Amino acid sequence: MPTPRAFFVGCALALMSCVPQRAVVPTAPTGPGLHVLFIGNSLTYVNDLPGILEALADSAREPLLETRTVAKPDYSLEDHWNDGDARAAIVNGGWSVVVLQQGPSSLDASRALLLQYAQAFADPIRKVRARPALYQVWPAADRALDFARANESYRFAADAVHGILFPVGEAWLTAQAIDRTIPLYAFDGLHPSIEGSYLAALVMYATLYGRSPEGMPPKLRLRDGAAFAVAPAVAAVLQTAAARATAVTRAQRSVPNVGALQKPGAPRA
């Protein structure tokens, strides 16, 4: 009988092959709140990272955080640009932040493409008065030496577009330094485990709202009704890692358009 965690991760990864190559272009968001569009691949949609981020914001009683996603298997930003669905979603407007993600981009060629297409996407993003953000992902488990260049590539891209950086790769290294027994990778050594996706969501929450993620709940209820949970002791380590990785950006208040939506001192559920 599989453990609940193994079953959850197995189901999530099994779904990767079922995601259509051409997704429906998401509709524009409506109403007040923070609206985030994710453009990426399976490193975004496995375990429903956008849904976890929404649930974290809900748990902290933040004003509405609404996400939409254009994410397709193995897609780079170049693929998304040529495909057109992501650009169509951006043009719909209503976004506060548009998150861009491809592979780790540690090689010279992939770094160049990350920079080129982050800059290409930045123009339509800014035309709809949104801010571009870069979701810094991690290299495969057997390519740990690529972390420095992968993290650097995403920093370069964020700087090139004067955008927001979600330093998830840096938080990944910090979490590993604190406790190497935490399984951030799923069994394939590339995709995130539920712990890895939780860490990514913590980094994004902390960056968007300028709040420390320490003390966030380890158990969440996603808006589709799904339960999400990591062990409390593991959650505490991941929250510490996310807090350290985002300390500078939180101090700089790098997302001023979100600050007006915040309720300082609002209690967490």
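Gln136 is buried in this predicted model, with a relative accessible area of 0%, and since the cut-off for burial is under 20%, that value leaves no doubt about the assignment. The residue lies in the loop between β4 (131–135) and α7 (147–160). Not counting residues up to four places away in sequence, Gln136 touches Asn151, Tyr154 and Arg155, together with Leu165, Phe166, Pro167, Val168, Gly169 and Glu170.

Glu170, one of these partners of Gln136, belongs to helix α8 (residues 168–178). Its side chain is joined to that of Arg155 by a polar contact of 2.8 Å. Leaving aside neighbours within four places in sequence, Glu170 is in contact with Gln136, Asn151, Arg155, Leu165 and Ala245, and among these Asn151, Arg155 and Leu165 are also touched by Gln136.

A second region to consider is strand β1. Seven of the seven residues of β1 (residues 34–40) are buried, so the strand is largely enclosed by the rest of the structure. In a regular strand the side chains alternate between the two faces of the sheet. For β1, Leu34, Val36, Phe38 and Gly40 are buried on one side, while His35, Leu37 and Ile39 are buried on the other, and both faces are thus covered.

The pairing of β1 with two other strands is set out below.

| Partner strand of β1 | Sense | Bridges | Bridge or opposite residues |
|---|---|---|---|
| β2 (residues 65–71) | parallel | seven | Leu34 opposite Leu65 |
| β3 (residues 97–100) | parallel | four | Val36 with Val97 |

Definitions and conventions:
Residues numbered from 1 in each chain as written. Predicted model: local features only at pLDDT ≥ 70, side-chain atom pairs only at ≥ 80, totals over all residues. Heavy atoms only, no water. Helix = DSSP H or I, 4+ residues; strand = E, 2+ residues; numbered from the N terminus. Polar contact = N/O pair within 3.5 Å; in protein donor to acceptor, adjacent residues only side chain to side chain. Contact = heavy atoms within 4.5 Å. Buried < 20%, exposed > 50% of the residue type's maximum accessible area, 1.4 Å probe, protein only. Pairing = 2+ DSSP bridges.
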